[in-house]
Amino acid sequence: MRLRAFLPAALIVCALAALPFCLHPVRVAHAAPAGAPAYAANGDLLPPNYREFIYLTTGIDMSYNPKATGGGESMFDNVFVNPEAYHSFVATGTWPDKTVLVLEGRVARTRGSINTRGHFQSEQLMGGFEVHVKDEARFPGKWAFFDFDKADKNGTLIPSGAPCYSCHAQHAAVDTTFVQFYPTLLPIARAKHTLSEEFAREDSAGGK
Ligand code: HEC
């Protein structure tokens, strides 16, 4: 009697345990794992899980992007990096292959509390964010930018002639990234002598 009750239950448990394996081939990957970049078949970047990334900085009204200044309100931008790349930067002063940096824009609001002058972060601008990825085998310039209009969609590759690439190549302090504005990383890059030649010259002249 007990065995008869046990057998169907055991069968159900086995079937449930096997379910993930049966479903696996048709399962569509949605979010990439916390670390390395992952791509859809058409070359789009899967949304990185950047809520679990390392925080680098918040800028206010640092944006060069016209869609970020539309409403005349101040904008915050927050920068994050995948933990593997962060640890490597701390050790070497520069970014390893498979670095994923995320810039998200958030509208600044005031009058949220008794302090009416202060600014605090609110909704994400256009629901989106931008990503700077280092994938040496994949991109001829080693790095590429992707635009995410909506956080739940895949990111589209920004073509290599876009101004994103030239401004970052000419003005960013370390390996086309704006480490001069990431206060915990700049001293590391100085100590490891990984600043771009141009930035290092300005840095020693102006003592920025
Ligand atoms: C005129 C210069 C300029 C242009 C053009 C520009 N950026 Fe940037 N970008 C910056 C600056 C400055 C920062 C640092 C932001 C901060 O400190 O808050 C930055 C930071 C970033 C970051 C964070 C990671 C990093 O590389 O430092 C991403 C991602 C990014 N930009 C994406 C883009 C994309 C996508 C475009 C094109 C649509 C673009 N940028 C065009 C100046 C520029």
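Select the protein chain and colour it by secondary structure: five helices and six strands appear, where helices are DSSP runs (H or I) of at least four residues and strands (E) are runs of at least two, numbered from the N terminus. Along the sequence their order is α-β-β-α-β-β-β-β-α-α-α. This is a predicted model, in which local features need pLDDT of at least 70 and side-chain atom pairs count only at pLDDT 80 or more, while totals for chains, interfaces and linings use all residues. Residues are numbered from 1 along each chain as its sequence is written.

Next, colour by pLDDT, the predictor's confidence in each residue, from 0 to 100. The chain averages 84, and 77% of the residues score at least 70. Helix H1 (residues 2-23) has the lowest mean, 49, and H4 the highest, 98. Select residues 10-16: pLDDT stays under 50 here, and the model has zero contacts for them beyond four places in sequence; a contact means C-beta atoms, placed from the backbone, within 7 Å. Residues 19-33 are also below 50, with eleven contacts in the model beyond near neighbours in sequence. Where pLDDT is low, the predicted coordinates should not be read in detail.

Now select the ligand and the 22 residues around it, a residue being near if its C-beta atom, placed from the backbone, lies within 6 Å. Gly59, Cys164, Cys167, Phe178 and Phe181 come nearest. Elements giving two or more residues to this shell include strands E1 (54-60) and E4 (120-134). Helix H3 (163-171) is also on that list, and H3 gives the largest share, four residues. By type, the shell holds 14 nonpolar residues, five polar and three charged; Ala, Val, Leu, Ile, Met, Phe, Trp, Tyr, Cys and Pro count as nonpolar, Asp, Glu, Lys and Arg as charged, and the others, Gly among them, as polar.

Move to helix H2 (residues 83-92) and show Ala85, Tyr86 and Phe89, its buried residues. Buried means 20 or more other C-beta atoms within 10 Å of the residue's own, with C-beta atoms placed from the backbone. They lie on the same side of H2, because they cover an arc of only 105 degrees around the axis, taken from the directions from the helix axis to the C-beta atoms. The buried residues of H2 pack against E1, E2, E3 and helix H4 (186-192). Just after H2, Gly93 has a positive phi of about 85 degrees.

Finish at strand E5 (143-148). Five of its six residues are buried, so E5 is largely enclosed by the rest of the structure. E5 pairs with strand E6 (residues 156-157) in the antiparallel sense over two bridges; pairing requires at least two bridges found by DSSP. Show Phe146 and, opposite, Leu157 in E6.

Terms used:
A residue is buried if 20 or more other C-beta atoms lie within 10 Å of its own, exposed if 12 or fewer, and partly exposed in between; C-beta atoms are placed from the backbone. Two residues are in contact if their C-beta atoms, placed from the backbone, lie within 7 Å.
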